[in-house]
Amino acid sequence: MKSYGLSLATAAVLGDEKKKMAAETASSEGDEGSFNLTVEEKEALCGLDSSFFGFLSRREDGARTKTLLNKAIHCYESLIVKAEGKVDSDFFCQLGHFNLLLEDYSKALSSYQRYYSLQTDYWKNAAFLYGLGLVYFYYNAFHWATRAFQDVLYVDPSFCRAKEIHLRLGFMFKVNTDYESSLKHFQLALIDGNASTLSSVEIQFHIAQLYETQQKYHFAKEAYEQLLQIESLPSQVKATILQQLGWMHHNMDLVGDKVTKERYAIQYLQKSLEEDPNSGQSWYFLGRCYSSIGKVQDAFVSYRQSIDKSEASADTWCSIGVLYQQQNQPMDALQAYICAVQLDHGHAAAWMDLGILYESCNQPQDAIKCYLNATRSKSCSHTSALTSRIMFLQAQLCNLPQGNLQNKTKLLPSIEEAWSLPIPAELTSRQGAMNTAHQGFDKDESLHLALQNDDQPLFPTGSTRYLQADSTETLFPKFSDKMHKHTTSFISPHSGLHKINGEGQENSESSISVNPGLRPRPQIIPSMSVSIYSTSTEVLKACRNLGKNGLSNSHILLDLCPPPRPPSSPYPPLPKEKLNPPTPSIYLENKRDAFFPPLHQFCINPKNPVTVIRGLAGALKLDLGLFSTKTLVEANNEHMVEVRTQLLQPADENWDPSGTKKIWRYENKSSHTTIAKYAQYQACSFQESLREENERRMQAKDYSDIESTSSENSGRKRKGPFKTIKCGINIDLSDNKKWKLQLHELTKLPAFVRVVSAGNLLSHVGYTILGMNTVQLCMKVPGSRIPGHQENNNFCSVNINIGPGDCEWFVVPEDYWGVLNEFCEKNNLNFLMSSWWPNLEDLYEANVPVYRFIQRPGDLVWINAGTVHWVQAIGWCNNIAWNVGPLTAFQYKLAVERYEWNKLQSVKSVVPMVHLSWNMARNIKVSDPKLFEMIKYCLLKILKQCQTLREALVAAGKEVLWHGRINDEPAPYCSICEVEVFNLLFVTNESNSQKTYIVHCQNCARKASGNLENFVVLEQYKMEDLMQVYDQFTLAPSLSSAS
Ligand SMILES: [Zn+2]
């Protein structure tokens, strides 16, 4: 199939000879004159693609263009009918664009689907991918929209709507609660000077909200206050920001004591109400503030106002109830709570408060009913406490003599009576209106509309939208109404403070039938052609002059690689009995065993995802005591430890904090301490457990009968609440002066597992990558967990348990990472960046094999390239670990694949593979033909890129300044998007004159300064030097043939 470049597609449809002929053939077969676009019209249509979406109506000739698009669609459609669908695939792509621009999304989608099914290298067409992304976005198919948008940026990082893409990615990640990715994309959108459908104020607002959602309140406050400085701020936006600030001050300890913070909160809310006096939400918040400082009258007035603005919700009524209860007006409180639960039957807080009210009035039977209702609600966060309270009350009732309760006069009507009780007019004046209003009420929608410049809604807000997917098509996901359910709550300004209703989000993707097997997994490093054997001069001659028409994109000249995709589940699926394979283990008896060459071969064999080398420390007589907590404290007690705060979970499971269901998300909050302090914690934890153990033993003696019955019931019991524990990680042992003895001890290891060795790729990076080519230490208490991950850039890793306790490992082979990635996506987690703990039942269901083993003190665990693993401590122990890069094709391929996947995912690659590849070519003799070809191919690609970019810069009159490189200097990365920048560095004039040399990649530099006038280009290598390295890098004779 023939492919066209993106801009060529239009020309092909409208001007190309071949297409003309196709059109003529088509029209000669049917009646004349259907394809009757004039030359001028064709010219006007030329270049109208998806990138104009959202911008057409801003153009002067917007209306005329729309008329033209309608005509063009008509012409194309009749042409396609006449040709019986046998037209060039580009017709469909174009038709997709035209329909998209006219906002006919279902027609746009079906046209794009046709194009996709006809065009094998559809992925080269950025405008197509972008259009497709926009359609998916419209239908809230965020998983697919994300993929399409990431593909655009991958194949064309300088795409003209990159800003719009970052904006929408930021929005989608926010919705999916992946806040870090979201923040990154919003920031990338913000630095881009190009136009987008959101103003920079709106982007800043989203960023501020993200901080708030992530509980970074000081950042959020700062960002909001910065926004308030903007003079032209629309009043609605201002009102919303002030409301946010007010509520945040009420809830968080941002300033001083309680009185001060409420004063601030009230001030902000009052200012917000000056901007928008009709916000029921602001009135409600104000009521809450007054209530909390005991200004009862003001609180009532505010709540009253809130209800009058017809925005009253169950929350407001619940708060009114609390206020009445505090004022000792139980009957009024009762009625307010009843209002709340009538508005929202699942309002857990109102049911709970009502229960407390009944209890305080000595009506335990009614209280139990209310508590039960509260526990049935999905939003209930006190389930375990309530359950035990219910049991307590029930037990009490049983002990009471019969009739005791009935005789008492009741203070309050029973819950059944209250439910049907006529509510005083004073309270219900707006009840009728509210009953209908609260369902459709969505405060965000008003915020959202207010944030827009156009009357055209930007992000999906409607609830009527659903997709009528072409039923004959199987390529694209089907959507159900389920999908748009959760869309309206996303932009919620209070999502960080109110509980987000998680319902619907979790399964948002489950209704889409994923079809991963349709296309083969793209090859990052394609199978080799002879081209890599041509000399550098030939290569460069071939691409010379091609880039002279301005600064063209480097990849036009290069063989583009399709965007990387995670592998689909290996086929055929493993039978269930093979899902718990035995772990490859080697038992060492002496030093000779450790240095026996086949051990190395066994470890790096791709068939062994993991190898446990048992008894290594003993065989080598390693002094592990050097890494014991006692020695560490003596050596460097003030040394820094990163602490991860975790919940102590049962065995191999991971439950949500309330213990109701198993989840993948793993809470793992980070902070810092010192070795001395962590050591103290470790010791205390040990003592405490000894004490508990003793107590348990004593109790077991006394109540052995009770023990056995309670353990029988434990299966049905809720898990949790969980104890909090701390895990000490990333303790840096790189400093040779501080850790001399420790590091020296590790040189006793066989070369292939050593931190530094000639055969270790990471020893050829030329500088320190902490924790990768240096040693890191972990200090743990039982239950400490290292969540699921692959190592940086899929490098191998070495881990030695120091003891005294054991560790338990869970390991999944590399080719299943796509399956785990999918599980993470389903659970709204980022495979690369989030903390997750796989649910073993899910893995079993999905036929994923899991290796599981215990690592005893002195055992070395070798994690092979790309192996997914997660680890928990069984006892108290320390571990030391680092990465190793064996010189194999398997390792290199996986490292490069991850490098590209990271790029697609906007995640930094810690190992600079381009820089490393050149160093390998300089320093290493490679005798494996497969590995050699891969390295040589990468060098070729980079060489061409450098040459093309350099020539284009010079042709555009941009001077390239010689900068050179200092030995051991870290590889440069773009300070904005974090991609590795090789050879040609873009540095702002300012940074250059200050000699800070803050590096940008070409794309980020162009976003900040279109013609690069604010930038200088610094060159680190001479072309001749790179050419020489390339030419001198040849396949070395293999060791066996040499001997
Ligand atoms: Zn960049």
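**Exercise 1. Find the bridge partner of Leu 961 in β17 and place the pair in its sheet.**

Solution.
- Step 1. Leu 961 has Leu 1018 as its bridge partner in β17.
- Step 2. Strand β14 and strand β17 (residues 1015–1019) run parallel and are joined by 3 bridges. Strands count as paired if DSSP finds at least two bridges between them. Strands (E, at least two residues) and helices (H or I, at least four residues) are DSSP runs, numbered from the N terminus.
- Step 3. The open sheet has 4 strands in the order β14-β17-β15-β16, and its pairing is mixed.
- Step 4. The edges are β14 (960–962) and β16 (999–1000); each has a single partner strand, so one side of each lacks a neighbour in the sheet.
- Step 5. Helix α40 (residues 929–955) packs on this sheet and touches β14, β15 (984–988) and β17. Contact means heavy atoms within 4.5 Å. The direction of α40 makes about 45° with that of β15. Axes are lines fitted to C-alpha atoms, for helices over the stretch in contact, and angles run from 0 to 180 degrees between N-to-C directions.

The model is predicted: local features need pLDDT of at least 70, side-chain atom pairs count only at pLDDT 80 or more, and totals for chains, interfaces and linings use all residues. Residues are numbered from 1 along each chain as its sequence is written, and side-chain values use heavy atoms, with hydrogens and water left out.

**Exercise 2. Describe the zinc site: which residues coordinate the ion, and why is the arrangement tetrahedral?**

Solution.
- Step 1. Four SG atoms coordinate the zinc ion at 2.3 Å, from Cys 974, Cys 977, Cys 1001 and Cys 1004. Donors are N, O and S atoms within 2.8 Å of the metal (3.2 Å for Na, K and Ca); water is not among the atoms, so sites may look incomplete.
- Step 2. The 4 donor atoms subtend angles of 104 to 115° around the zinc ion, which makes the arrangement tetrahedral. The test for four donors is that all angles lie between 85 and 135 degrees. The ideal tetrahedral angle is 109.5 degrees.
- Step 3. The spacing of the donor residues in sequence is C-x2-C-x23-C-x2-C.
- Step 4. Cys 974 lies in the loop between β14 and β15, while Cys 1004 is in helix α42 (residues 1002–1008), so this pair ties together parts 30 residues apart in sequence.

**Exercise 3. Work out how helices α8 and α38 pack.**

Solution.
- Step 1. α8 (residues 142–155) and α38 (residues 889–904) have axes 9 Å apart, at an angle of about 115°.
- Step 2. That makes α8 roughly perpendicular to α38, a class that covers 65 to 115 degrees.
- Step 3. From α8, Gln 150, Asp 151 and Tyr 154 meet Glu 900, Lys 903 and Leu 904 of α38.
- Step 4. By class, this contact has 2 nonpolar, 1 polar and 3 charged residues. Here Ala, Val, Leu, Ile, Met, Phe, Trp, Tyr, Cys and Pro count as nonpolar, Asp, Glu, Lys and Arg as charged, and the others, Gly among them, as polar.

**Exercise 4. What is the strand order of the open sheet with antiparallel pairing?**

Solution.
- Step 1. The order of its 4 strands is β7-β12-β9-β10.
- Step 2. β7 (785–789) and β10 (851–855) stand at the edges with a single partner strand each, so one side of each has no neighbour in the sheet.
- Step 3. From one strand to the next, the twist averages 15°.
- Step 4. β9 (residues 807–812) and β12 (residues 868–873) pair antiparallel over 6 bridges. Val 812 has Val 868 as its bridge partner in β12.

How values were computed. Angles under 35 degrees count as roughly parallel, over 145 as roughly antiparallel, 65 to 115 as roughly perpendicular and the rest as oblique. Four donors count as tetrahedral if all angles lie between 85 and 135 degrees; four count as square planar and six as octahedral if opposite donors are over 155 degrees apart and all others between 65 and 115; anything else is irregular.
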